[in-house]
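The following exercises concern burial, packing and chain contact in a protein model. Each task is followed by a solution that proceeds step by step.

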Amino acid sequence: MQEPIQRQDADSANTVRMSMLQYRDVIWILVKKDFKIRYRNSSLGFVWSLLNPLSTMTILTLVFSLLLKSGIQNFPIFLLSALLPWRFFSIGTMQATGTIAGNPSLVKKIYLPRYVLVLTNNLASFISFLMEFTALLPIMVALGMTLTLHILLLPVVMIIEFLIVLGMSLGLAALSVFYRDFYQIWEIVLQLGFFLSPIFYDPNIIPERYRFYYSLNPVTRVIESTREILFYNTFPTAFDLAIPLLIALLLLAVGYAVFRRLEPRFAEET
Amino acid sequence: MNVIEVEDVSKKFKIPHERKNTVLDAIASALSLFGGRRSTFEELWALKNVTLNVVKGRSVGIIGENGSGKTTLLRIIARVMRPDQGRISVNGRIAPMLELGLGFHPELTVKENVVVFGAIMGLKRDMLKRRIESIIEFAELKRFEDAPLKNLSSGMQMRLAFSVAVETDADIMLVDEALAVGDIEFQRKCLDRFKRFKAEGRTIVLVSHDMNLVTEFCDNAVFLSRGEVVASGNTSDVVKEYIRRVESQ
């Protein structure tokens, strides 16, 4: 494979597309690598990533149906339908935050478009999410979920969420090269986000005047759409999907811009 | 034909007097700004107006004292760092051996690391499969191919990095003091391989403090001092100039 002359100042959308094709093999191999590392150090491996949402589900179900009596029918399904997309958002962004700062050997020793590192990390999280979802689906059905054709729309919602995660990850990964406590800050933001997203409650309990601010949370609508499909067995409206898609594209544009701006100094700061 | 063109390249590093790289630090210093305390830093020009061309098939040695900008120059050629001024153009694929070992991921096995490196170097999947054997063979690591990289000695890691770099069909190899940790036998083997690499019409840029190696192996040399090119051209002249300078100090 003979490459054309590479100039350092080459920088356009075209370069990205070219490199996406050129690095397709690399992206796939790095995703596999990421995956292996995630599950290598525990013999239970993937089982952990099922036990975690299941235990959260059990605890929250106990708290909300026995102690607080939330009155929501079939609470475990109500919860899981939101918990799974939330887990992808929080794990995806958190894991990606350290991809540049925590990878000095790849950043300093060889040239590779750096966004590839973030993208592959996100893809690995995404595949985990899909596996988690597939493995938990029978459990959800056993718990009383009705499986309808509405589920065919779910991939669209998932892809929108992936774009949101990618946009945020690019920004977070770039910023955390320069601010090493970004990871800790993001952890706190996510803890807050868990309560500010409609995971264990119905969003209608939010007072009307705060509704606008509440809906600024980029994952709110993704969670609501997932729940509509899995729990209420209804289709989200086109509007329900267009808004998060717009948010996703906006986040991607901003995240990528921040990333490109800070990228030239990555090798010096890691 | 020039495979590497470095035109008037400068690179500046900012060295802060007090390291501030957390958000908390940033907030603290923003607040104390009103009190008149500012964070200060020193500027260091790691490279100053460096111009250098490398002709295809030649090997070039870069010499100079510690901190003269040799590694920074290699990093800029490898596109790992970007210059603040000037431009670089590289025609061909680069196999960098910057710092010791590839060490992509200590938890992955030798084989898996080779796959990652090979893919980044642009080897296609089927090609990669065939090459893995010869890479591990050359590094004499057959016994350890399924061991995690972290369990290998530093010399072994260097050997692996070297074999991967020469076996991935790169046009240009950048070598930063990598031979130093290998044992004598492997150093010999590397040198032979380097010569073959060169005979195949490929280009090598070598950073080294080993003047014998540079004299024996390089067609041309560049002498860097405090980020500037002091002398360049015929290897033995440049090496002589370097030694003269060191002795006159």
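**Exercise 1. Determine how many of the 11 residues of α3(B) are buried, and list them.**

Step 1. Fix the criterion: a residue is buried if 20 or more other C-beta atoms lie within 10 Å of its own, exposed if 12 or fewer, and partly exposed in between, with C-beta atoms placed from the backbone. Helices (H or I, at least four residues) and strands (E, at least two) are DSSP runs, numbered from the N terminus.

Step 2. Apply the criterion: 10 of the 11 residues of α3(B) are buried, so this helix is largely enclosed by the rest of the structure. The buried residues are B:V110, B:E112, B:N113, B:V114, B:V115, B:V116, B:F117, B:G118, B:A119 and B:I120.

Step 3. Identify the cover, which includes α2 (24-40) of chain A together with α4 (125-138) and α5 (154-166) of chain B. After α3(B) comes B:G122, with a positive phi near 95°.

Step 4. Note the provenance: this is a predicted model, in which local features need pLDDT of at least 70 and side-chain atom pairs count only at pLDDT 80 or more, while totals for chains, interfaces and linings use all residues. Residues are numbered from 1 along each chain as its sequence is written, and chains are lettered from A and ligands numbered from 1 in the order in which they are written.

**Exercise 2. Describe the side of chain B that touches chain A by its elements and its residue classes.**

Step 1. Count the residues: the contact takes 35 from chain B and 31 from chain A, where two residues are in contact if their C-beta atoms, placed from the backbone, lie within 7 Å.

Step 2. Assign them to elements. Those of chain B that give two or more residues to this side are α1 (23-33), β4 (85-90) and α3 (110-120). The largest share, 5 residues, comes from α3(B).

Step 3. Classify the residues of chain B on this side: 18 are nonpolar, 7 polar and 10 charged. Here Ala, Val, Leu, Ile, Met, Phe, Trp, Tyr, Cys and Pro count as nonpolar, Asp, Glu, Lys and Arg as charged, and the others, Gly among them, as polar.

**Exercise 3. Characterise the packing of α7(A) against α10(A).**

Step 1. Obtain the geometry: helix α7 (residues 154-178) and helix α10 (residues 220-232) of chain A pack at an angle of about 165°, with their axes 10 Å apart. Axes are lines fitted to C-alpha atoms, for helices over the stretch in contact, and angles run from 0 to 180 degrees between N-to-C directions.

Step 2. Classify the orientation: α7(A) and α10(A) are therefore roughly antiparallel to each other, the term for angles over 145 degrees.

Step 3. List the partners: A:L154, A:V157, A:I160, A:E161 and A:I164 in α7(A) meet A:V222, A:S225, A:T226 and A:I229 in α10(A). These residues divide into 6 nonpolar, 2 polar and 1 charged.

**Exercise 4. Locate B:A170 and establish whether B:A170 is buried or exposed.**

Step 1. Place the residue in the loop between α5 and β6 (172-176) of chain B.

Step 2. Count its surroundings: B:A170 is buried, with 21 other C-beta atoms within 10 Å.

Step 3. Leave aside neighbours within four places in sequence; B:A170 is then in contact with B:R93, B:I94, B:A95, B:M121 and B:A165.

Step 4. Set this against the whole chain: buried residues make up 43% of the 249 residues in chain B.

Terms used: Angles under 35 degrees count as roughly parallel, over 145 as roughly antiparallel, 65 to 115 as roughly perpendicular and the rest as oblique.
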